[in-house]
Amino acid sequence: MVYVFLADGFEIIEALAPVDMLTRAGISVKTVGVTGSLAKSSCGVPVACDMTIDEFDFYDVEAIVLPGGMPGTLNLENNEQVQSAINNAVSIDVPVCAICAAPSILGHKGLLSGKEATCFPGFEEALDGAILSDKYVVTDGNFITARGAGVCIDFGLAIVAKLKGDDVAQTIRQQIQCQ
């Protein structure tokens, strides 16, 4: 199961485009409401979550996804259960995927030190010790980072490629007519 953490102020397409790509690949995915069962996006759109953070159980995690947006990124970073999920994912070599401002959460934890990574312009200083990339989406080991909303499909497909292989990701890319 891939879990996408949603906190009030999240960027809607950075969360839901990866959910769509993962679902198309036949990967089970659930949204986790960090600030309640209904998370309000940065543009005010409410999204019903599959579960709340209090219902989240780490036993079947294949990957975790941290969408950006403000103040969604700060709400994710300030949540102890999200921090615990990140720590658990890293400890068992499960992919941790973050887009836009959310790679800063990983940077603040020192997890990107020595790793190639990217983020939304202006958050580079938060990626402590990372090898900053000018690519829009970067996969380095079990960390997948991306710049922002404009590359959310590519971000979702990078997660698909990590979990199911490049062939599956490329097939979906063709199906949805994405360059």
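Which residue in strand 6 does tyrosine 3 stand opposite? The partner of tyrosine 3 is isoleucine 64. The model is predicted, and its protein chain holds six helices and 11 strands. Seven of the strands make up an open sheet.

**Sheet**
- The strand order in the open sheet is 5-2-1-6-7-11-10, with mixed pairing.
- The edges are taken by strand 5 (51-52) and strand 10 (137-140); each has a single partner strand, so one side of each has no neighbour in the sheet.
- Strand 1 (residues 2-6) and strand 6 (residues 63-66) run parallel and are joined by three bridges.
- The facing residues tyrosine 3 and isoleucine 64 belong to this part of the account, with isoleucine 64 in strand 6.

**Overall dimensions**
- The protein chain has a radius of gyration of 15 Å, which agrees with the value near 16 Å that a compact globule of 179 residues would have.
- The C-alpha trace spans about 35 × 35 × 35 Å along its principal axes.

**Burial and contacts**
- Buried residues make up 51% of the 179 in the protein chain.
- Among contacts in the protein chain with a separation of 6 or more, 62% are between residues 24 or more positions apart.

**Surface and charge**
- The protein chain has an accessible surface of about 7800 Å², and carbon and sulfur atoms account for 48% of that surface.
- The protein chain carries 10 positive and 22 negative charges.
- The mean position of the positive charges lies 5 Å from that of the negative charges.

Terms used
Residues numbered from 1 in each chain as written. Predicted model: local features only at pLDDT ≥ 70, side-chain atom pairs only at ≥ 80, totals over all residues. Heavy atoms only, no water. Helix = DSSP H or I, 4+ residues; strand = E, 2+ residues; numbered from the N terminus. Rg over C-alpha atoms; globule rule 2.2 N^0.38 Å. Buried < 20%, exposed > 50% of the residue type's maximum accessible area, 1.4 Å probe, protein only. Contact = heavy atoms within 4.5 Å. Areas by Shrake-Rupley, 256 points an atom, 1.4 Å probe, with all protein chains shown as cover. Lys, Arg positive; Asp, Glu negative; His and termini not counted. Charge placed at Lys NZ, Arg CZ, Asp CG, Glu CD. Pairing = 2+ DSSP bridges.
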